[in-house]
Amino acid sequence: MDILPYSDEHKIFRGVIRKFFEKEVIPHVEEWEEAGIVPREAWLKMGEQGYLCPQVPEEYGGLGVDFLYSVIVAEELARTNHAGLAAPLHSDVVVPYLVAFGSEEVKRTYLPKCVTGECITAIGMTEPNTGSDLAAIKTSVVEDGDELVINGQKTFISNGINCDLIVLAARDPAVEDPHSGIDLVAVPATAEGFVKGKRLKKVGWHSQDTAELFFEDCRVPKNHRLGSKGAGFMMMMQKLAQERLMCAIGAVAAAEVMLEMTIEYCKERKAFGRPISKFQNTQFKIVEMATEVKLGRTFLDKLIAEHMEGTNIVVEVSMAKYWTTEMARRVADECVQLHGGYGYCEEYPIARAWRDVRVMSIFAGTNEIMKGIAAKFMGL
Ligand SMILES: Cc1cc2nc3c(=O)[nH]c(=O)nc-3n(C[C@H](O)[C@H](O)[C@H](O)COP(=O)(O)OP(=O)(O)OC[C@H]3O[C@@H](n4cnc5c(N)ncnc54)[C@H](O)[C@@H]3O)c2cc1C
């Protein structure tokens with residue numbers, strides 16, 4: 001029995017997008033990994049097909065469909081075994097801030113282009129001196145007539161080079177309380193004083209253009225503030241649950257894909273005159289991994305269903321984010337082991353999957369922060 005209510009339309013959508021990725025993404029992954037960035041045309045192709053921001057309301061150019069379409073896009077993207085085309089970050093993490101808190105002008109200006117892929121988005125919370133402690137950010141935002149003036153630096157920003165619009169967390173230096181002084185501002189890449197820095201060289205996620213960004217007397221119209229003044233921290237707390245859920249979706253899907261590719265390999269690779277899948281150790285390892293993956297899938301699907309019903313999942317999503325990402329790391333490691341020396345070679349997809357999965361425990365709130373949140377809400 002499926003936990004999630006996938007309709008025939010959802011299933012058809014999954015089949016179609018899988019074919020699209022097989023044709024338009026997988027053949028280009030090596031080239032994108034080498035280049036350290038995904039070309040804008042790929043984003044535009046996604047937009048053309050309606051694969052970006054499927055939940056954006058129709059009046060702003062979207063399809064206005066349910067969250068399961070986003071789940072399908074994220075899961076099918078995981079099958080492409082690369083992280084560069086960060087559509088879930090754009091569609092399900094950043095754009096929801098614009099939909100929920102953007103002024104009418106912001107929505108009308110940017111949302112239709114977010115749907116077509118003409119406007120790629122990013123989210124800027126982390127700074128060189130603060131990541132986990134979000135309330136300690138230093139980037140400042142002050143009002144000057146009809147404008148907001150921003151100064152500061154962000155780092156580790158996914159889609160940092162490609163982005164046309166960033167949802168930026170910044171603080172009013174005049175407000176002492178660390179939480180109530182934070183604003184979220186939609187900053188277009190064309191804004192005066194918005195400077196893109198270097199693309200970071202990372203251990204994995206090679207095709208993702210993670211970058212440093214600088215704001216030097218950067219000016220945007222006042223109506224580019226999202227929500228009300230000082231409500232930034234509250235808005236982030238509200239939306240971070242979905243970001244963490246997307247992370248868990250990516251982790252479980254990645255684990256499923258790694259297991260699939262490893263089972264296939266173990267059935268083909270022979271040692272001592274028989275497929276390595278016939279060794280009891282291989283069988284036990286695969287069964288252990290399959291059990292963990294199924295546990296993750298069951299927990300995750302239940303959470304997705306609850307999230308869609310509007311249930312508060314803050315504790316469970318913190319647990320899911322930490323547990324599924326660590327499970328994916330365990331699976332990645334065992335899968336490399338079962339590939340032997342080939343698991344350590346670039347031409348075998350498990351090698352990329354292994355190094356790409358590592359960062360999932362670090363971003364979207366580290367796993368230690370996830371446990372801290374769960375502990376707090378459990379009254380510990
Ligand atoms: C590939 C990649 C993409 C990213 N994309 C984005 C993005 O798009 N936008 C964005 O804003 N950020 C992004 N980040 C940043 C990411 O969210 C941060 O790296 C993360 O939040 C951790 O912050 P930090 O690196 O400053 O580590 P720190 O906060 O310095 O943490 C270092 C260690 O201390 C631990 N620690 C810190 N505080 C506590 C505590 N209270 N209790 C227990 N342990 C603690 C942490 O868990 C961690 O193990 C990205 C990072 C990477 C690597």
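Select Phe272, in the loop between strand S9 (270-271) and strand S10 (274-275). Helices (H or I, at least four residues) and strands (E, at least two) are DSSP runs, numbered from the N terminus. The phi angle of Phe272 is near 50 degrees, a positive value in a residue other than glycine. Phe272 counts as exposed because its relative accessibility is 80%. Exposed means over 50% relative accessible area, buried under 20%, and partly exposed in between (1.4 Å probe, protein chains only).

The model is predicted: local features need pLDDT of at least 70, side-chain atom pairs count only at pLDDT 80 or more, and totals for chains, interfaces and linings use all residues. Residues are numbered from 1 along each chain as its sequence is written, and side-chain values use heavy atoms, with hydrogens and water left out.

**Asp217**

Go next to strand S7 (residues 211-221) and select Asp217. Its phi is near 50 degrees, again a positive value in a residue other than glycine. Asp217 counts as partly exposed because its relative accessibility is 47%.

**The ligand**

Now select the ligand. How many residues surround the ligand, and which are the closest? There are 17, and the closest are Thr126, Ser132, Phe156, Thr366 and Glu368. A residue is near a molecule if one of its heavy atoms lies within 4 Å of it.

Three short distances can be shown here:

- From a backbone N or O atom of Ile123 to a nitrogen atom of the ligand: 2.8 Å.
- From an N or O atom in the side chain of Ser132 to an oxygen atom of the ligand: 2.6 Å.
- From a polar side-chain atom of Ser158 to a nitrogen atom of the ligand: 2.8 Å.

A polar contact is a pair of N or O atoms within 3.5 Å; within protein, one must be able to donate a hydrogen and the other to accept it, and residues adjacent in sequence count only if both atoms are side-chain atoms.

**The second largest pocket**

Select Arg79, Asn81, Val257, Met261 and Pro349; of the 22 residues that line the second largest pocket, these lie nearest its centre. Helix H1 (8-24), helix H2 (29-35), helix H7 (232-268) and helix H10 (349-357) are the elements that give two or more residues to this lining. Which of them gives the largest share? H7 does, with six residues. By type, the lining divides into eleven charged, eight nonpolar and three polar residues. Here Ala, Val, Leu, Ile, Met, Phe, Trp, Tyr, Cys and Pro count as nonpolar, Asp, Glu, Lys and Arg as charged, and the others, Gly among them, as polar.

The space in this pocket is about 480 Å³. On a 1 Å grid over the protein atoms alone, a pocket is an open set of points where a 1.4 Å probe fits, with protein on both sides within 12 Å along at least five of seven lines; lining residues have an atom within 4 Å of a point. Grid points are joined across faces, edges and corners, and the volume is the space filled by probe spheres set on the points.

**Helix H10**

Stay with H10 and colour its buried residues: Ile350, Ala351, Arg352, Ala353, Arg355, Asp356 and Val357. They make up seven of the nine residues in H10, a helix that is mostly covered. What do these buried residues pack against? They pack against H2, H7 and helix H9 (314-339). Contact means heavy atoms within 4.5 Å.

**Glu33 and Ser207**

From H10, move to Glu33 in helix H2. Glu33 counts as buried because its relative accessibility is 9%. Leaving out residues up to four places away in sequence, Glu33 touches His82, His206, Ser207, Arg352 and Arg355.

Add Ser207, found in the loop between strand S6 (194-199) and S7. Buried or exposed? Ser207 is buried, with a relative accessible area of 0%. The side chains of Ser207 and Glu33 are joined by a polar contact of 2.7 Å. Beyond four places in sequence, the residues that Ser207 touches include Trp32, Gly36, Ile37, Val38, His82, Ala83 and Gly84.

**Phe21**

Go to helix H1 and select Phe21. Phe21 is buried, with a relative accessible area of 1%. Not counting residues up to four places away in sequence, Phe21 touches Ile26, Pro27, Met46, Val73, Glu76, Leu77 and Thr80. Phe21 and Val73 are 52 residues apart in sequence, and their C-alpha atoms are 9.9 Å apart in space.

**Cys345**

The last stop is Cys345, in the loop between H9 and H10. Cys345 is partly exposed, with a relative accessible area of 30%. Its C-alpha is separated by 41 Å from that of Ala136, 209 residues apart along the chain.
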